[in-house]
Amino acid sequence: MIMKILRISCIILFSILFCYCSKINTTKNELGKGLKFYLLKDSSITAHQVDSTNINNLILADKPFLTYEEISYYIWAEHTFVIDSEKAGIIQNLCKNNTKYSGSEGIPFVVTVDNERIYLGAFWYGFSSLAPIFPYIDALFMNGRPTILTIRKAWIVKQPDVRNDPRIYRTLTLHGLIK
């Protein structure tokens with residue numbers, strides 16, 4: 001009888017411990033989502049083509065082209081961040097291989113935090129005759145050691161600066177990337 005009670009007690013104890021550990025892992029996974037940058041699934045769509053599209057209606061690529069895990073640090077005041085040369089080369093190739101590379105309408109990307117879409121940005125070309133209508137990264141940033149990228153403010157003066165979204169700041173701080 002005592003052995004039976006001990007077995008039942010052990011089973012209950014292990015069940016409670018298992019449930020507790022499962023909740024801890026779930027919390028870590030949710031925190032691990034972090035900051036991510038996605039291109040659109042259809043690489044032929046330009047930034048100007050989506051300028052009036054609801055960000056939640058855009059179909060994103062299956063995987064992000066950049067995540068917080070690939071950022072060495074982020075300077076919040078300038079919205080500048082550092083990535084390694086290998087990742088910079090991958091991003092450069094994404095821009096060059098895009099079907100609109102020779103155009104001047106920008107390559108759109110979506111910035112997300114914990115799988116929530118925050119804002120629409122674009123890789124933009126310095127030679128473009130069109131002003132960037134979103135926060136943008138210079139698509140021709142590859143000079144020398146390409147490790148520093150800056151997300152610049154859109155040229156529309158009255159538009160709020162979406163780069164300063166507190167959800168982005170919180171996740172960067174949580175992961176120790178703010179400098």
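In the predicted model, an open sheet is built from five strands in the order β2-β1-β5-β6-β7, and the pairing within this sheet is mixed. Its edges are formed by β2 (66–67) and β7 (136–138), each of which pairs on one side only. Strands β1 and β2 run antiparallel and are joined by two bridges. Within this pairing, K36 has T67 in β2 as its bridge partner.

A further open sheet comprises three strands, arranged in the order β3-β4-β8 with antiparallel pairing. Strands β3 (71–75) and β8 (148–150) occupy the edges, and because each has a single partner strand, one side of each is left without a neighbour in the sheet. From one strand to the next, the twist averages 20°. The pairing of β4 (residues 80–83) with β8 is antiparallel and extends over three bridges. Here T80 lies opposite T150 of β8. In general, the strands of a sheet are paired through backbone hydrogen bonds, in either a parallel or an antiparallel sense.

These strands belong to a protein that contains three helices and eight strands in total. Along the sequence, the elements follow the pattern α-β-β-β-β-α-β-β-β-β-α.

Helix α3 spans residues 166–174, and its buried residues are I168, T171 and L172. Viewed down the axis of α3, these buried residues fall within an arc of 100° and therefore line one face of the helix. An α-helix has 3.6 residues a turn, so residues three or four places apart point the same way. The buried residues of α3 pack against β1 (35–39), β3, β5 (107–113) and β6 (116–124). Of these partners, β1, β5 and β6 are strands of the five-stranded sheet, whereas β3 is a strand of the three-stranded sheet. Helix α3 is followed by G176, which has a positive phi, near 70°.

Turning to the protein as a whole, buried residues constitute 38% of its 179 residues. Among the contacts with a separation of 6 or more, 62% are accounted for by residues 24 or more positions apart. The protein exposes about 10,800 Å², of which 58% is supplied by carbon and sulfur atoms.

Terms used: Residues numbered from 1 in each chain as written. Predicted model: local features only at pLDDT ≥ 70, side-chain atom pairs only at ≥ 80, totals over all residues. Heavy atoms only, no water. Pairing = 2+ DSSP bridges. Helix = DSSP H or I, 4+ residues; strand = E, 2+ residues; numbered from the N terminus. Axes fitted to C-alpha atoms, helices over the stretch in contact; angles between N-to-C directions. Buried < 20%, exposed > 50% of the residue type's maximum accessible area, 1.4 Å probe, protein only. Arc of directions from axis to C-beta. Contact = heavy atoms within 4.5 Å. Areas by Shrake-Rupley, 256 points an atom, 1.4 Å probe, with all protein chains shown as cover.
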